[in-house]
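This briefing concerns the side-chain contacts of one protein chain, grouped by topic for reading beside the structure.

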Amino acid sequence: MLTLDKIYHARYVLKQVIRETDVIHAPHINPESDIYLKTENLQITGSFKVRGAYYKMSQLTDEEKARGVIACSAGNHAQGVALSAQKNGIPAVICLPDGAPISKVEATKSYGANVCLVKGVYDDAYAEALRQRDEMGYTFVHPFDDENVIAGQGTIGLELLEQIPEMDAVIIPVGGGGLISGVAYAIKSLNPNIKVYGVQASGAPSMFNSIHDHKIECLESVATIADGIAVKEPGENTFRYVSDYVDDIVTVTDDEISAAILALMEKQKLVTEGAGAVSVAAAMFNKVPVKGKKVVCLLSGGNIDVTILSRVIKRGLLMTGRTCSLNIELIDKPGQLLGVSGIIAEHGGNVISIHHERANEGSAVNGCYLRIVLETRNYNHIEEIKNALKENGFKIVNE
């Protein structure tokens with residue numbers, strides 16, 4: 001059983017291995033509240049996962065260590081297990097879904113683990129890891145549904161109580177629930193007045209559904225840019241701890257997650273992956289009651305695949321009104337393009353791209369369309385430019 005003593009013991013064991021990550025004030029995330037960021041994205045391996053993995057392996061017998069360990073992961077747990085195994089001299093096999101970001105696969109290999117790519121998602125990798133465990137006699141290191149793993153993650157709660165003892169609430173990303181189970185248990189055991197909120201991606205709401213329906217439920221499929229929390233089914237232990245110690249679970253969309261990643265990069269100079277940014281998305285878009293409160297958002301990881309980072313930034317820009325696309329119907333005569341660009345320039349917009357084409361069948365013979373992509377400040381700025389164009393006789397279509 002999970003106990004406070006076990007979490008304190010985990011902290012002692014981890015003291016020489018992991019980094020006690022900083023808490024950073026982030027006043028611009030939500031101006032109506034006092035937001036702080038727990039930067040586990042700056043942890044060794046780029047994620048909190050090493051805490052639970054290392055503590056779990058530290059408690060194995062010599063015989064278990066000699067046989068080796070096996071784990072499955074969407075990426076971050078894999079790196080945590082691989083590094084922990086390397087430091088303890090334990091052979092490790094890691095099963096990853098074949099869609100895991102290449103950066104995470106390569107990082108896992110770099111720590112000396114034997115990587116086994118499995119077709120499908122996390123749950124398929126999980127099934128293969130159990131098969132190999134039974135066949136080879138490995139010790140399975142569960143990514144979230146294990147008391148020692150949960151105790152390791154719970155050390156974050158102890159750190160937070162020392163770093164921001166007067167916090168009103170903490171917002172925590174939720175996949176399978178190991179992180180929030182440990183942190184919530186530690187915090188609620190020592191200060192039950194602090195609120196603990198969990199956040200899932202709306203495309204993978206397994207814990208959200210299970211908690212609100214009061215029973216463990218398994219999703220048919222998951223789809224989100226937050227690959228680190230794309231879990232179909234919560235664990236039995238984690239479901240119980242979340243039911244007992246967490247005040248509420250909410251969801252955020254991929255667009256909201258993208259906006260949070262962008263805000264963290266621009267305003268805090270911090271890189272987070274999708275799973276790591278969901279807590280900030282919940283605070284930014286008021287998914288939990290943060291107004292007037294001192295709130296800590298836990299950034300669980302920073303291992304975003306650079307190949308999708310540009311797409312996430314583009315989506316974040318659209319979500320926050322920093323870019324927009326206008327489709328303008330024009331009369332095909334000299335000076336029209338000059339008129340449009342003059343209005344945009346006068347109102348401070350910046351043209352990124354432009355496409356001009358003659359009208360199609362069914363429209364005016366002398367008509368044409370102008371498609372423009374702009375850099376803008378916010379949604380109010382977009383409306384200002386649109387209104388100015390309309391006032392000057394230009395017709396915006398497909399609004």
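With which residue does Glu-357 form a salt bridge? The partner is Arg-371, and the closest N and O atoms of the two are 3.5 Å apart. The model is a predicted one, and the points below take up its salt bridges, its nonpolar cores and its aromatic pairs in turn.

**Salt bridges**

- The count of salt bridges comes to 22, and the pair of Glu-357 and Arg-371 is taken up before the others.
- Glu-357 lies in strand S12 (residues 350-358) and Arg-371 in strand S13 (residues 367-375), so their salt bridge ties together parts that are 14 residues apart in sequence.
- Glu-357 is partly exposed, with a relative accessible area of 25%, and Arg-371 also counts as partly exposed, at 37% relative accessibility.
- Lys-188 and Asp-247 meet through their side chains in a salt bridge of 2.9 Å, taken from N to O.
- Because Lys-188 lies in helix H8 (residues 178-190) and Asp-247 in the loop between helix H10 (236-245) and S9, this pair ties together parts that are 59 residues apart in sequence.
- Lys-188 has a relative accessibility of 14% and, since buried means under 20%, counts as buried, whereas Asp-247, at 34% relative accessibility, counts as partly exposed.
- Arg-315 forms a salt bridge with Asp-255, in which the closest N and O atoms are 2.6 Å apart; the pair links distant parts of the chain, with Arg-315 in helix H13 and Asp-255 in helix H11, 60 residues apart.
- Both ends of that bridge are described by their accessibility: Arg-315 counts as partly exposed at 36%, and Asp-255 counts as partly exposed at 30%.
- Lys-38, Glu-40, Arg-51 and Glu-159 are linked with one another in a network of salt bridges.

**Nonpolar cores**

- The largest nonpolar core has 36 residues, and of these Ile-29, Ile-35, Leu-37, Ile-171 and Val-280 touch the most other members.
- Elements that each supply at least two residues of this core include strand S2 (34-39), strand S7 (169-173), strand S8 (195-201) and strand S9 (248-252), and helix H11 (254-268), helix H12 (274-284) and helix H13 (306-319) are also among them.
- The largest share of this core, eight residues, is supplied by H12.
- Val-280 touches Ile-29, Leu-37, Ala-260, Leu-264, Cys-297 and Leu-299, when residues up to four places away in sequence are not counted.
- A second core, separate from the largest one, has 25 residues, among them Phe-48, Val-174, Leu-179 and Val-242.

**Aromatic residues**

- The structure holds four aromatic pairs, and one of them is described here in detail.
- The ring centres of Tyr-185 and Tyr-245 are 5.2 Å apart and their planes stand at 70°, so the pair is edge-to-face.
- This pair links distant parts of the chain, with Tyr-185 in helix H8 and Tyr-245 in helix H10, 60 residues apart.
- Tyr-185 is buried, with a relative accessible area of 12%, whereas Tyr-245 is partly exposed, with a relative accessible area of 25%.
- Tyr-185 and Tyr-245 form one aromatic cluster together with Tyr-241, and Arg-240 lies over the face of Tyr-241, at 4.9 Å from the ring centre.

Definitions and conventions
Residues are numbered from 1 along each chain as its sequence is written. This is a predicted model: local features need pLDDT of at least 70, side-chain atom pairs count only at pLDDT 80 or more; totals for chains, interfaces and linings use all residues. Side-chain values use heavy atoms; hydrogens and water are left out. A nonpolar core is a set of buried Ala, Val, Leu, Ile, Met, Phe, Trp, Tyr and Cys residues joined through side-chain atoms within 4.5 Å. Buried means under 20% relative accessible area, exposed over 50%, partly exposed in between (1.4 Å probe, protein chains only). Helices (H or I, at least four residues) and strands (E, at least two) are DSSP runs, numbered from the N terminus. Contact means heavy atoms within 4.5 Å. A salt bridge is a side-chain nitrogen of Lys or Arg within 4 Å of a carboxyl oxygen of Asp or Glu. Rings of Phe, Tyr and Trp (its six-membered ring) pair if their centres lie within 6.5 Å; planes under 30 degrees apart count as stacked, over 60 as edge-to-face and the rest as tilted. A charge sits over a ring if NZ of Lys or CZ of Arg is within 6 Å of the ring centre and within 35 degrees of the ring normal.
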